[in-house]
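Biologist: Please take a close look at one part of this model, the site around the ligand. After that, go through the other local features that deserve a check.

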Amino acid sequence: MNDRVKTLNDAPVRERSYVLYWMVAYRRATSNFALQHAAALARSLRKPLLVYEPLSSECRWACDRFHQFVYEGMQENARRFAAKGVGYVADLSPKGRLLELAGDACVVVTDDWPCFFIPRMQERAAELLDVKLDAVDSNGLFPMRATERVFLTAASFRRFLQKREADTHPVANPLRNVPPMDRCELPELDLSSLPIDHQVKPVDLKGGTREAERVLKRFMSGRESRYAEDRNVPDLEATSGLSPYLHFGHISAHQVADSVESPEFLDQLKVWRELGYNFCAHREDYDQFESLAPWARLTLEERASDPREHVYTLEEFERGETHDPLWNAAQNQLVQEGIIHNYLRMLWGKKILEWSASPRDALTTMIELNNKYALDGRDPNSYSGIFWILGRYDRAWGPRRPVFGTIRYMSSKNTYRKTRVRRYLERFDSGCSN
Ligand SMILES: Cc1cc2nc3c(=O)[nH]c(=O)nc-3n(C[C@H](O)[C@H](O)[C@H](O)COP(=O)(O)OP(=O)(O)OC[C@H]3O[C@@H](n4cnc5c(N)ncnc54)[C@H](O)[C@@H]3O)c2cc1C
């Protein structure tokens, strides 16, 4: 557990009313090291625990879709914490209530999450709070700060993990024997009253731990046995669909890893997923073009002014108005459902690189569209996926091509040949009616 706890300020633990858990990333009541740490402090101080779960309308890309999904998780958290005698305050106000609630707190515990606005927000809180602030890492199986090393390939990270002893698990019932508190606040969600993007509409997929567990069971009871063979076939839907739940912390990587046996799946979950956390935790420039390996930057820059057969603007990409029906279908799925099938997500990115005026424009377009529409966007793996398109975690490939240089190339023609997309095309060929 020591590898997972980081104290963010020099302020003391004070004699006040409760321990405050400021829940910003692991939005769940189980399998959560941060909650476990807060509960252990509450027990040792003999104080109740108050969980504070805000959802900011001020952060970039805040929209009806993400608010609805997170709110469904809040409704469930309110019920779960009340049943355990733990205080719970959900908050949809633009400015948040951290300072007000921390005024009565002995100590504050929060989630150590390595990207988007969260690290900056917590640095600022550390300056403002007059009580101790601990950030705890419950992102994955490997504690992000157990090494300073940044892994530049999945193979080197995999080898590193294989040599490590198994890390500890979060305990099953962290809230046992915490002094009780009778406080539960859950504001009504009125999307139209919030200053967020109302064009990005809610989707059918529901948020929350119970839904996450249902999606996990669906995977285990049918898709898992087909995963190795069919995961790259858009028509067959063999992947888990867990990434939105992992992203919003509605389920833990530990719970998923304990339930699934497929080695191919576990490699995605333990190696590829946590590779992105490793990068973001140690590289502040994780979202900058300059963070690419020198070979990738060089080859892209050498080819930056190559003539392109097609060049689209961000708006044309966003509306799914390219000449390529398969690309448009993937974009339509993103806009309509908030997800893209992984195989087509790779093609989606490669074509944005090919059809943008420059690699830097392509990067801006991918970040904007992925983070605006994808339920699992704004995540360390958003940046590993997007930067993979530009060569991160990859090697040089021949032959040297226009625009790409030695960056790995993908084409829609090969995709039609290699995999099955007929049903996918029928489903998402209807235009971006968001
Ligand atoms: C351009 C591009 C953008 C991407 N943006 C995101 C993003 O915003 N958020 C995100 O979580 N993933 C992103 N990915 C990675 C990958 O597409 C998704 O993690 C995966 O499609 C999620 O679907 P699933 O949960 O059904 O995955 P499954 O195949 O069921 O895998 C299980 C879990 O393993 C992890 N995983 C699987 N594939 C990858 C991968 N290639 N890299 C890292 N982790 C992986 C995810 O946590 C996933 O939920 C992106 C990939 C590309 C090429």
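Modeller: What follows starts at the ligand and then moves to a helix and several single residues. The model is predicted.

The shell around the ligand has 23 residues, and Y227, S240, G241, N342 and S382 come nearest. By type, the shell residues divide into 9 nonpolar, 11 polar and 3 charged. Polar atoms of the protein approach the ligand at several points. The side chain of T239 has an N or O atom 2.9 Å from an oxygen atom of the ligand. At D376 the partner is in the backbone, where a polar atom is 2.9 Å from a nitrogen atom of the ligand. S382, one of the residues that come nearest, places a polar side-chain atom 2.7 Å from a ligand oxygen. On its own the ligand has 820 Å² of accessible area, and the protein covers 94% of that. Four elements give two or more residues each to the shell: helix 7 (243–247), helix 9 (263–282), helix 13 (342–354) and helix 15 (380–389).

Helix 15 also leads into a loop to look at. P399 is found between helix 15 and helix 16 (412–418), and the peptide bond that joins G398 to P399 is cis, with omega near -10°.

Next comes helix 4, which spans residues 118–128 and has I118, Q122, A125 and A126 as its buried residues. Viewed down the helix axis, these buried residues fall within an arc of 105°, so they line one face of helix 4. The face turned away from that buried side carries R120, E123 and E127, which are exposed. Cover for the buried residues comes from elements including strand 2 (18–22), helix 3 (98–102), strand 5 (105–111) and strand 6 (132–136).

The loop between strand 5 and helix 4 holds F116. The phi of F116 is positive, about 65°, although F116 is not a glycine. With a relative accessibility of 15%, F116 counts as buried, because the cut-off for that class is under 20%. W61 also has a positive phi in a residue other than glycine, with a value near 70°. W61 sits in the loop between strand 3 (49–54) and helix 2 (64–83), and its relative accessible area of 12% makes it buried.

T209 belongs to helix 6, which covers residues 209–230. T209 is buried, at 3% relative accessible area. Its side chain reaches the backbone oxygen of H250 at 2.8 Å. Leaving aside residues up to four places away in sequence, T209 touches R27, R28, E76, R80 and H250.

The last residue is H169, in the loop between helix 5 (154–163) and strand 7 (184–185). H169 is partly exposed, with a relative accessible area of 41%. Residues up to four places away in sequence aside, H169 touches F33, H254 and D258. With D258 there is a polar contact between the side chains, at 3.1 Å. L141 is 28 residues from H169 in sequence, and the two C-alpha atoms are 7.9 Å apart.

Note on methods:
Residues are numbered from 1 along each chain as its sequence is written. This is a predicted model: local features need pLDDT of at least 70, side-chain atom pairs count only at pLDDT 80 or more; totals for chains, interfaces and linings use all residues. Side-chain values use heavy atoms; hydrogens and water are left out. Buried means under 20% relative accessible area, exposed over 50%, partly exposed in between (1.4 Å probe, protein chains only). The arc is that of the directions from the helix axis to the C-beta atoms. Contact means heavy atoms within 4.5 Å. A polar contact is a pair of N or O atoms within 3.5 Å; within protein, one must be able to donate a hydrogen and the other to accept it, and residues adjacent in sequence count only if both atoms are side-chain atoms. A residue is near a molecule or strand if one of its heavy atoms lies within 4 Å of it. Accessible areas come from the Shrake-Rupley method with a 1.4 Å probe; for residues, only the protein chains shown count as cover. Ala, Val, Leu, Ile, Met, Phe, Trp, Tyr, Cys and Pro count as nonpolar, Asp, Glu, Lys and Arg as charged, and the others, Gly among them, as polar.
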